[in-house]
Amino acid sequence: MSGFERRQGTLHGDGVSLVELGDRHGTPLYVYSGSALLGAYDAYAAAFAPVPHRICYALKANSSGGLLRLLAGRGAGADIVSGGELQAALRAGFPPERIVFSGVGKTDAEIRLGLEAGIGEFNAESEDEIRRLSSIAAGLGLTARVTLRVNPDIDPRSHPYISTGLRENKFGVAIDAAPAILDRVRALPGVEVSGVQCHIGSQVTDLGALEQAAGALVALTRSLLGRGFPLHTIDIGGGLGVDYDGTGAATPADLAARVLPAVAGLPLRLLLEPGRSIVARAGVLLARVIGIKDNGARRFVIVDAGMNDLLRPSLYEAFHRIEPVVDRGGAAGVVDVVGPVCESGDFLARERALPPVAVGELVAVRDAGAYGFSMASNYNMRPRAAEVLVENGQARVIRRRETFEDLVRTEVAE
Ligand code: LLP
């Protein structure tokens with residue numbers, strides 16, 4: 001469920017017309033459906049209900065407080081990768097023990113913040129990091145619960161920038177090296193090894209790869225349990241892909257069907273770290289058509305949202321459906337939908353069949369809830385968009401549009 005549907009030809013989000021929202025709040029505007037967000041979380045919770053588990057939402061996908069509070073209230077945990085995300089998670093009400101701290105480059109200061117907050121686990125990415133955790137935690141008189149991130153050398157067949165489980169990637173330790181590392185760090189003060197973790201990549205649509213990675217992690221866990229490690233967590237990461245083309249994709253239930261047979265019976269809690277599959281579909285980016293121009297070779301629809309608002313098409317050549325908010329009918333034409341940023345790489349779609357749109361009309365970029373606002377920037381001195389959350393036919397602004405004053409606030413005048 002996306003939470004977005006057409007009523008008499010006009011796209012609505014949770015019952016509210018996107019034309020109304022664009023007129024009232026201006027564009028570019030991110031609009032989120034609360035029911036779609038919670039529905040996606042609930043689908044995970046239901047799918048993994050047969051085993052002890054925790055769904056730790058990956059904040060990097062979208063860390064806007066209005067959405068985080070909904071997920072925290074629903075019982076989700078949080079997967080964070082920075083001190084900033086830690087503070088955002090705590091501020092939104094995630095209990096510290098439900099927070100896992102991932103990331104390949106945690107600073108000492110970030111580790112200290114996590115320890116002082118009493119977070120659930122640190123996903124350590126190397127032996128060195130475990131040693132650093134040990135000395136910082138022991139110095140504070142605290143204990144860090146540590147899961148070791150292993151790299152199973154499995155190809156997730158996703159975009160190379162977001163594949164993480166191959167030997168050539170910077171993440172985790174080689175899975176074969178894990179037992180020796182854990183033996184060496186076992187007796188260190190201030191750390192308690194609580195399990196192993198892996199995350200092979202993002203936008204993974206091949207369930208076989210996720211199943212294979214989970215299988216490797218289960219085999220490692222069983223051997224560590226056999227060697228007397230008192231483990232209580234197995235963390236299979238995130239990564240489940242979204243069907244950006246709208247043709248149907250694997251669901252959390254499909255993932256559970258592949259993974260649960262292997263983990264059932266393990267005396268452990270299963271952790272997952274999904275980001276995209278929880279929030280992507282729940283968001284659209286609304287943009288207004290500024291101009292239309294034909295240079296002979298191409299026809300360009302120029303809109304007021306650019307790569308600074310939604311980077312995914314430019315960075316990964318990612319596909320997002322784009323639709324006129326008001327469907328006026330008529331034959332589609334092939335166009336490039338581009339933003340106002342001064343780069344040829346600033347596009348939302350290229351050579352795309354788009355139904356007729358006129359200057360001043362709205363288009364909706366679909367499935368933009370994940371890695372949309374969270375990757376937005378102020379490039380070209382453009383204020384970041386406002387965000388609106390729609391629930392039960394009511395819309396509220398969860399982040400106002402930035403102003404010029406916001407953009408220069410941190411500058412120091414001479
Ligand atoms: N856990 C870890 C350790 C991760 O590195 C990631 C994503 C996740 C969980 C969540 O993965 P998800 O369920 O969202 O696939 N900016 C890119 C995606 C980068 C993903 C990075 N890591 C994009 O727009 O496609």
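Q: Which side chain has an N or O atom 2.7 Å from a nitrogen atom of the ligand?
A: In this predicted model, that side chain belongs to Glu273. Arg312 also makes a contact: an N or O atom of its side chain is 2.6 Å from a ligand oxygen. The backbone takes part too, with a polar atom of Gly239 at 2.9 Å from an oxygen of the ligand. The protein covers 92% of the 590 Å² that the ligand exposes on its own.

Q: Which residues come nearest to the ligand?
A: There are 18 residues around the ligand, and Ser202, Glu273, Arg312, Tyr316 and Tyr371 come nearest. By class, the shell has six nonpolar, six polar and six charged residues. The space that the ligand takes is the largest pocket.

Q: What sign does phi have in most residues other than glycine, and what form do most peptide bonds take?
A: Phi is negative in most such residues, and most peptide bonds are trans. Now the cases here. Asp153 has a positive phi, near 55°. Asn380 has a positive phi too, near 65°.

Q: Where do Asp153 and Asn380 lie?
A: Asp153 is in the loop between β9 (144-151) and β10 (173-174). Asn380 is in the loop between β19 (362-365) and β20 (386-391). For burial, read the relative accessibility: from 20% to 50% is partly exposed. Asp153, at 35%, is therefore partly exposed. Asn380, at 33%, is partly exposed as well.

Q: Which residues does a cis peptide bond join?
A: Read omega. The bond between Thr27 and Pro28 is cis, with omega about -10°. Pro28 sits in the loop between α1 (18-25) and β4 (29-33).

Definitions and conventions:
Residues are numbered from 1 along each chain as its sequence is written. This is a predicted model: local features need pLDDT of at least 70, side-chain atom pairs count only at pLDDT 80 or more; totals for chains, interfaces and linings use all residues. Side-chain values use heavy atoms; hydrogens and water are left out. Helices (H or I, at least four residues) and strands (E, at least two) are DSSP runs, numbered from the N terminus. Buried means under 20% relative accessible area, exposed over 50%, partly exposed in between (1.4 Å probe, protein chains only). A residue is near a molecule or strand if one of its heavy atoms lies within 4 Å of it. A polar contact is a pair of N or O atoms within 3.5 Å; within protein, one must be able to donate a hydrogen and the other to accept it, and residues adjacent in sequence count only if both atoms are side-chain atoms. Accessible areas come from the Shrake-Rupley method with a 1.4 Å probe; for residues, only the protein chains shown count as cover. On a 1 Å grid over the protein atoms alone, a cavity is a set of points where a 1.4 Å probe fits but cannot get out, and a pocket is an open set with protein on both sides within 12 Å along at least five of seven lines; lining residues have an atom within 4 Å of a point. A molecule sits in a cavity or pocket if more than half of its atoms lie within 2 Å of its grid points. Ala, Val, Leu, Ile, Met, Phe, Trp, Tyr, Cys and Pro count as nonpolar, Asp, Glu, Lys and Arg as charged, and the others, Gly among them, as polar.
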